[in-house]
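Okay, thanks for having me on the agenda. I'll put the structure up, and then we can walk through its empty spaces, its small sheet and one helix.

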Amino acid sequence: MAPDLFAGIAALLYLLYLWLQLRSRAIESFPNRRTAALVLPAMATHLIYAVLIVTTGSGLYLSIWSSAIIMTFIAMVCTFYLYLVQGYRVLALVTVPLAIVSLFFGLLLSPIEGTLINQPTVIVHVLISMLTYATLGLAAVQAGSIIILHQRLKKNDSTAFVKLMPPLQTVEATAMHLLWLGVSMLTLTLVTGLIFRWDFVQQGNYVMHMGIALTCWVLYLALICGQLWFGWRGQISSRLSLLAFAVLLIGFFGLKFAFGYGT
């Protein structure tokens with residue numbers, strides 16, 4: 001009962017924050033102090049809930065929804081940082097609903113079957129993987145924002161979305177930094193996966209998952225090379241980023257649903 005209580009508190013605080021944001025006529029005027037008063041306790045209870053549902057005396061017990069709960073927590077930490085430092089007001093309107101949904105389904109699907117991980121090296125690999133998914137997920141959200149901004153600015157459409165976003169150059173620079181950080185972590189994920197799970201690769205249990213992960217890594221590496229050597233920016237870079245992340249999602253959630261791979 002205790003873990004569910006923390007999940008409920010976190011979801012309610014996130015929901016209250018979201019409601020107050022949407023209710024405000026000018027989201028950009030929403031005070032940072034009020035944001036911190038709601039979001040920090042929400043993230044704290046979110047973290048406590050995540051720790052309680054995945055930790056056991058013999059290791060980590062992960063299901064697809066508990067993994068999503070951890071990744072949305074990481075995304076919320078990054079979102080809150082960007083919110084305070086660079087004024088990304090819109091990003092919270094994407095990640096907060098995702099956090100609420102993950103907590104809600106986590107409560108509904110808490111008895112769902114998961115995977116027990118009791119090897120320290122594999123635990124390190126899994127945690128790095130989650131950090132990678134969350135970071136590249138935020139980079140994908142940024143990519144989508146860049147595409148929308150380009151379209152709106154071309155039409156001289158000064159909508160609320162455009163007004164709430166930082167300058168386009170700032171959005172593109174942040175997206176690039178998130179992308180580079182995510183690709184660095186994806187590289188580390190692949191290396192730790194090959195080293196720590198080589199026995200599974202040899203048995204054929206991990207080949208499809210690693211194959212898709214390597215495909216994503218090649219796509220992301222090509223995107224970074226294009227940014228460095230050919231000056232890819234704007235919609236081209238953003239669409240490739242979205243494509244690579246879509247493949248990454250298929251590699252994790254698709255195989256997890258279909259075959260139970262991806263741990």
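Let me start with one term: a cavity here is a set of grid points where a 1.4 Å probe fits but cannot get out, and its volume is the space filled by probe spheres set on those points. Keep in mind as well that what you're looking at is a predicted model.

So, how many cavities of 30 Å³ or more does the structure hold? Three. The second largest cavity comes to about 130 Å³ of space. It has 15 lining residues, and the closest to its centre are I146, A175, M176, Q227 and S237. If you'd rather think in helices, α5, α7 (168–196), α9 (207–229) and α10 each put at least two residues into that lining.

Now for the open kind of space. The largest pocket holds about 420 Å³. There are 18 residues lining that pocket, with A68, M71, T72, L98 and F245 closest to its centre. Which elements give two or more residues to its lining? Those are α3 (64–86), α4 (89–108), α5 (120–154) and α10 (234–258). So α5 and α10 turn up in the lining of the pocket, and also in that of the second largest cavity.

On to the sheet. It's an open one with three strands in the order β1-β2-β3, and the pairing is antiparallel. β1 and β3 are the edge strands, as each of them pairs on one side only. Let's take the two pairings in turn.

On one side, β1 (residues 55–56) and β2 pair over two bridges, and the two make a hairpin with two residues between them. One bridge there joins T56 to G59 in β2. On the other side, β2 pairs with β3 (residues 115–117) over three bridges, again in the antiparallel sense. In that pairing L62 sits opposite T115, and Y61 has L116 as its bridge partner.

Let me stop at L60, which is in strand β2 (residues 59–62). Is L60 buried or exposed? Its relative accessible area is 13%, and the cut-off for buried is under 20%, so L60 counts as buried. Leaving out residues up to four places away in sequence, L60 touches V54, T55, T115, L116, I117 and I123. Take L116 from that set: L60 and L116 are 56 residues apart in sequence, but their C-alpha atoms are 5.7 Å apart in space.

Next, helix α2, residues 32–54. Here's a quick check on its length: at 1.5 Å a residue, its 23 residues should span 33 Å, and the end C-alpha atoms are 32 Å apart, so the two agree. Which residues of α2 are buried? T35, L38, V39, A42, M43, T45, H46, Y49, A50 and V54. When you look at that list, remember that an α-helix has 3.6 residues a turn, so residues three or four places apart point the same way.

Last thing, the cysteines. A search of the whole structure turns up zero disulfides. As for exposure, C216 is at 0% relative accessibility, so it counts as buried. C78, on the other hand, has a relative accessible area of 23%, and because that isn't under 20%, C78 goes down as partly exposed.

That's my tour, so over to you for questions.

How values were computed: Residues numbered from 1 in each chain as written. Predicted model: local features only at pLDDT ≥ 70, side-chain atom pairs only at ≥ 80, totals over all residues. Heavy atoms only, no water. Disulfide = S-S within 2.5 Å. Buried < 20%, exposed > 50% of the residue type's maximum accessible area, 1.4 Å probe, protein only. Helix = DSSP H or I, 4+ residues; strand = E, 2+ residues; numbered from the N terminus. Expected span 1.5 Å × (residues − 1). Contact = heavy atoms within 4.5 Å. Pairing = 2+ DSSP bridges. 1 Å grid on protein atoms, 1.4 Å probe; cavity = no way out; pocket = protein on both sides within 12 Å on 5 of 7 lines; lining within 4 Å.
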